[in-house]
Amino acid sequence: FNIIFNASDGEFSAESNSINVKVNPAGEPPIFDELNCETNINEDEEYQCELSGNDGDIDLEQTIAFSIENQQNVNCSIENNVLKYKSTTNFYGNGYFKLIIKDSDGEVSKTLLLNITSINDAPKILSYTPTEEVVSLIQGRTKEFTIRGSDVDSSISIKWLVNGELKKQENKDNSNYIFSGNPGLYILEAIISDSNESISRT
């Protein structure tokens with residue numbers, strides 16, 4: 001815009017030349033658009049949401065970048081302005097991370113608090129003997145079978161069944177069964193269970 005100075009003594013007046021004044025926009029840090037990121041999440045499940053923002057400068061075009069800091073009990077990544085996040089393995093409880101939006105004029109951060117719900121993990125078989133699919137046994141002799149399992153969030157029990165009939169059960173993560181029988185074909189099954197799920201070895 002233009003400024004002209006005017007002076008007067010009541011009888012005479014004078015004006016200055018026109019002065020052109022240009023006001024450059026002051027740089028402002030960017031701001032987040034509304035975030036639609038789920039904060040009540042399940043253990044070990046991945047979630048994602050799109051990140052967007054603006055630099056607040058109508059007359060300037062700025063490049064906006066997003067980054068992450070201070071990840072606590074959660075693993076995060078950003079690719080093409082899409083945030084992906086999940087709890088650290090087998091963790092449930094509270095977690096958080098800091099999102100940062102930045103351009104050449106500054107940065108703004110926002111912390112996302114997460115409530116991570118426990119999801120039951122199925123038990124796993126760690127080892128077993130013998131490892132053969134078919135085991136031959138001489139009549140009158142015995143054979144020891146063993147199995148070892150684990151469950152990251154529950155106690156487990158181990159059942160031994162012969163032809164579908166329960167022969168032994170123990171509430172521990174390793175167990176053995178001594179088999180003997182008359183000539184014939186037998187199906188020996190070991191089942192490892194927690195309160196919700198099970199896995200077996202036949």
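In what order do the four strands of the open sheet stand? The close-ups below take up this question and then turn to a pocket, all in a predicted model.

**View 1. Four strands side by side in an open sheet.**
Reading across the sheet, you meet E17, then E16, then E19 and then E20. The strands pair in the antiparallel sense. At the edges stand strand E17 (165–170) and strand E20 (198–201). Each of these two has a single partner strand, so one side of each is left without a neighbour in the sheet. Neighbouring strands here are turned against each other by 20° on average, direction ignored.

**View 2. The pairing of E16 with E19.**
Here we look at strand E16, residues 157–162, beside E19. Six bridges link this antiparallel pair. To find one of them for yourself, start at Ile158 and look across to E19, where its bridge partner is Ile192.

**View 3. The largest pocket and the residues closest to its centre.**
This pocket has a volume of about 620 Å³. It is lined by 28 residues, and those closest to the centre are Val134, Val135, Phe145, Tyr186 and Leu188. What kinds of residues make up the lining? There are 16 nonpolar, eight polar and four charged residues.

**View 4. Strands that help to line the largest pocket.**
Strand E14 (124–129), strand E15 (143–150) and strand E19 (188–193) each supply at least two residues of the lining. Which strand gives the most? That is E15, with four residues. You have already met E19 in the open sheet, between E16 and E20.

Terms used: Residues numbered from 1 in each chain as written. Predicted model: local features only at pLDDT ≥ 70, side-chain atom pairs only at ≥ 80, totals over all residues. Heavy atoms only, no water. 1 Å grid on protein atoms, 1.4 Å probe; cavity = no way out; pocket = protein on both sides within 12 Å on 5 of 7 lines; lining within 4 Å. Points joined across faces, edges and corners; volume = space filled by probe spheres on them. Nonpolar A, V, L, I, M, F, W, Y, C, P; charged D, E, K, R; others polar. Pairing = 2+ DSSP bridges. Axes fitted to C-alpha atoms, helices over the stretch in contact; angles between N-to-C directions.
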